[in-house]
Amino acid sequence: MTIDQTLALLGAGIGGGIAGTMASVASVVSYPALLALGLPPLAANVTNTMALVFCVPGAMLGSRPELSGQRARVLRFGAVMAAGGALGACALLLAPPGAFALVVPVLIGVAAVVVLLQPRLRALSPRPGAEQSLARLTVMFTVAVYIGYFGAAGGVLLLAALAATLSESLIRINAIKNVVAGAANLVAALLFTLYAPVDWAFVPPLAAGFLLGGYAGPRLARHLPAAALRVVVALAGLVLAVKLGASAYR
């Protein structure tokens, strides 16, 4: 590990932490950085997941006002996300590589559009009892499987699911998303520690960057109007969908 590589990873982590906590697309910064530094796709994916875990403590510290009174929700949704993350990690370790590649760009693109249009889509507006809805919890579980499997822009998918479930401001929903998505990443990371080709030399500087970026992102998001934050998330998701689609379909 050279000084240049260390600084590149630290910068990618800071950028990824800010992008993840503000716009739900941490991996649009960090995953390509790992590929550019020479890691093969599977190693880049699992190494990125290991480091992403450290985004959560920073996000929790930076989002304390938005997370106030949300403990029960975070624990309930976190349990669902942890279970889905475990299944997704197992799928990654057992399934043929690239099996999910063709559908991922579509999922991300649809989620980005849903985030942008959700206030105008009555069917996706939160209704009484939505938090206990088996259908909504199943959607979250499915998103958690995806996060455990690959995870790029999984936050966009999760934000769309939570926005359709919770009658809260977007910035509070975003804060909940940042924490419960970490539950899926944490369980996946524990499995990857045992069975996946994690490049451990890359983890500390990337994780340090995620910790710093995870703290800064919510504080920056707090100063954005809800409509602007929604547009940022949606555009970032669409850019990543196009990027991944170009790689998957060529």
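Is Asn-174 buried or exposed? Asn-174 counts as buried, because its relative accessibility is 3% and the cut-off for buried is under 20%. Keep in mind as you look around that this is a predicted model.

**View 1. Asn-174 and its surroundings.** Find Asn-174 in helix 10, which covers residues 170-195. Setting aside its neighbours within four places in sequence, Asn-174 is in contact with Thr-21, Met-22, Ser-24 and Leu-159.

**View 2. Helix 3, a mostly covered helix.** Helix 3 runs over residues 41-52, and 10 of its 12 residues are buried. Those buried residues are Ala-43, Ala-44, Asn-45, Val-46, Thr-47, Asn-48, Thr-49, Met-50, Ala-51 and Leu-52. What do they pack against? Their partners are helix 2 (27-36), helix 4 (55-62), helix 6, helix 8 (134-149), helix 10 and helix 11 (203-221). You can also check the length of helix 3: at 1.5 Å a residue it should span 16 Å, and its end C-alpha atoms are 16 Å apart, so the two values agree.

**View 3. Helix 8 and its buried residues.** Here is another helix for the same kind of check: the 16 residues of helix 8 should span 22 Å at 1.5 Å a residue, and its end C-alpha atoms are indeed 22 Å apart. In helix 8, the buried residues are Arg-136, Met-140, Val-143, Ala-144, Tyr-146, Ile-147, Gly-148 and Tyr-149.

**View 4. Met-140 and the largest nonpolar core.** Which residues have the most contacts inside the largest nonpolar core? They are Met-81, Met-140, Leu-158, Leu-162, Ile-176 and Phe-192, in a core of 72 residues. Helix 10 gives the largest share of this core, 12 residues. Now zoom in on Met-140: leaving out neighbours within four places in sequence, Met-140 is in contact with Phe-77, Val-80, Met-81, Leu-158, Ala-161, Leu-162 and Thr-165.

**View 5. Arg-76 over the ring of Phe-77.** Look for the charged end of Arg-76, which sits over the ring of Phe-77 at 5.2 Å from the ring's centre. If you go looking for aromatic pairs, you will find that the structure holds 0 of them.

**View 6. Ala-91 in helix 6.** Ala-91 belongs to helix 6, residues 71-94. Why does Ala-91 count as partly exposed? Its relative accessible area is 28%, and partly exposed lies between the cut-offs of 20% and 50%. Ala-91 and Ala-19 are 72 residues apart along the chain, and their C-alpha atoms are separated by 26 Å.

Definitions and conventions. Residues are numbered from 1 along each chain as its sequence is written. This is a predicted model: local features need pLDDT of at least 70, side-chain atom pairs count only at pLDDT 80 or more; totals for chains, interfaces and linings use all residues. Side-chain values use heavy atoms; hydrogens and water are left out. Helices (H or I, at least four residues) and strands (E, at least two) are DSSP runs, numbered from the N terminus. Buried means under 20% relative accessible area, exposed over 50%, partly exposed in between (1.4 Å probe, protein chains only). Contact means heavy atoms within 4.5 Å. Rings of Phe, Tyr and Trp (its six-membered ring) pair if their centres lie within 6.5 Å; planes under 30 degrees apart count as stacked, over 60 as edge-to-face and the rest as tilted. A charge sits over a ring if NZ of Lys or CZ of Arg is within 6 Å of the ring centre and within 35 degrees of the ring normal. The expected span of a helix is 1.5 Å times one less than its number of residues. A nonpolar core is a set of buried Ala, Val, Leu, Ile, Met, Phe, Trp, Tyr and Cys residues joined through side-chain atoms within 4.5 Å.
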